[in-house]
Amino acid sequence: MKPLSLPILYSFRRCPYAMRARMALYVSGQSYALREVLLKDKPAEMLALSAKGTVPVLHLPDGRVIDESLDVMAWALSQNDPQGWLRPNDHEVAALIKHCDRDFKPHLDRYKYASRYDNADPIVHRAAGEQYLVQLEKRLHDQAHLFGPKACLADIAIAPFVRQFALADWSWFLEVPYPGVQRWLNAFIETHPFSKVMDKFDPWRPKDEEIIITP
Ligand SMILES: N[C@@H](CCC(=O)N[C@@H](CS)C(=O)NCC(=O)O)C(=O)O
């Protein structure tokens, strides 16, 4: 098979890390081959590139491998950032995303998938995760996005995780007193780029034709 001249993205549709990577690739205008992965049966081709076995993994035509979602976003937006998602040297953006990945995500997992963990009480973890919503609400009660009127890297990187948290019990989410977060999440779900990157594809097998995503 002829080597591809496009990047290849190993992805899992419902993974919030992969969602943020797909959105950055989409907005940057980058075409790529999408290989949908089953997490319980990861392709050897992906593991040969990145032994840690997490998605997303981006394999560039020059051979470089990017296997952290924020690095995929940074790479895509360094090629082209038409919506101005990158804000130079923004420590506040980086800190808010880090807070999501390091602190909020473990509570999200233990709330949504409590039975996968020993002694995880979902309500305790929901309450702990809610503290992150409180932080977001402080920013969103009087502005449309986390850092002003326009979306930036932080909104796109964080919203997929808040969506998962909300979907764990949507009626609970609608009742909590965070109107800014609710409005922001609804807008995120209903508009591009999110809706553009949620198409369904069968898991990739080596003999398959590549699925080329063109923005
Ligand atoms: N720090 C990584 C985390 C990626 C990650 O944990 N992805 C999950 C899916 S949402 C995964 O691949 N888990 C491996 C597994 O479940 O086997 C990133 O930002 O890319």
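In this predicted model, helix 3 (residues 69-79) tucks away five of its residues by name: Ser69, Val72, Met73, Ala76 and Leu77 are buried. They all sit on the same side of helix 3, because the arc they cover around the axis is only 120°. The general rule behind this is simple: an α-helix has 3.6 residues a turn, so residues three or four places apart point the same way. On the other side of helix 3, things look quite unlike that, with Ser78 and Gln79 exposed. As for what the buried residues of helix 3 pack against, the partners are helix 1 (16-28), strand 3 (57-59), strand 4 (65-66) and helix 6 (153-167).

Zooming out, the protein splits into two parts: domain 1, made of 8-84 + 196-213, and domain 2, which covers 91-194. Their centres, taken over C-alpha atoms, are 23 Å apart. Where the two meet, 13 residues of domain 1 are in contact with 11 residues of domain 2. Helix 1 and helix 3 each chip in at least two residues on the domain 1 side, and helix 1 gives the largest share, with 7 residues. By class, that side of domain 1 comes out as 10 nonpolar, 1 polar and 2 charged residues.

Then there is the ligand. The residues around it include Phe12, Cys15 and Tyr17, along with Leu39, the run Gly53, Thr54, Val55 and Pro56, and finally Glu68, Ser69 and Leu70. Sorted by class, this shell has 7 nonpolar, 3 polar and 1 charged residues. Ser69 turns up here again: it is around the ligand and also among the buried residues of helix 3.

Methods:
Residues numbered from 1 in each chain as written. Predicted model: local features only at pLDDT ≥ 70, side-chain atom pairs only at ≥ 80, totals over all residues. Near = placed C-beta within 6 Å. Nonpolar A, V, L, I, M, F, W, Y, C, P; charged D, E, K, R; others polar. Buried ≥ 20, exposed ≤ 12 C-beta atoms within 10 Å, placed from the backbone. Helix = DSSP H or I, 4+ residues; strand = E, 2+ residues; numbered from the N terminus. Arc of directions from axis to C-beta. Contact = placed C-beta atoms within 7 Å. Domains from an automatic or database assignment.
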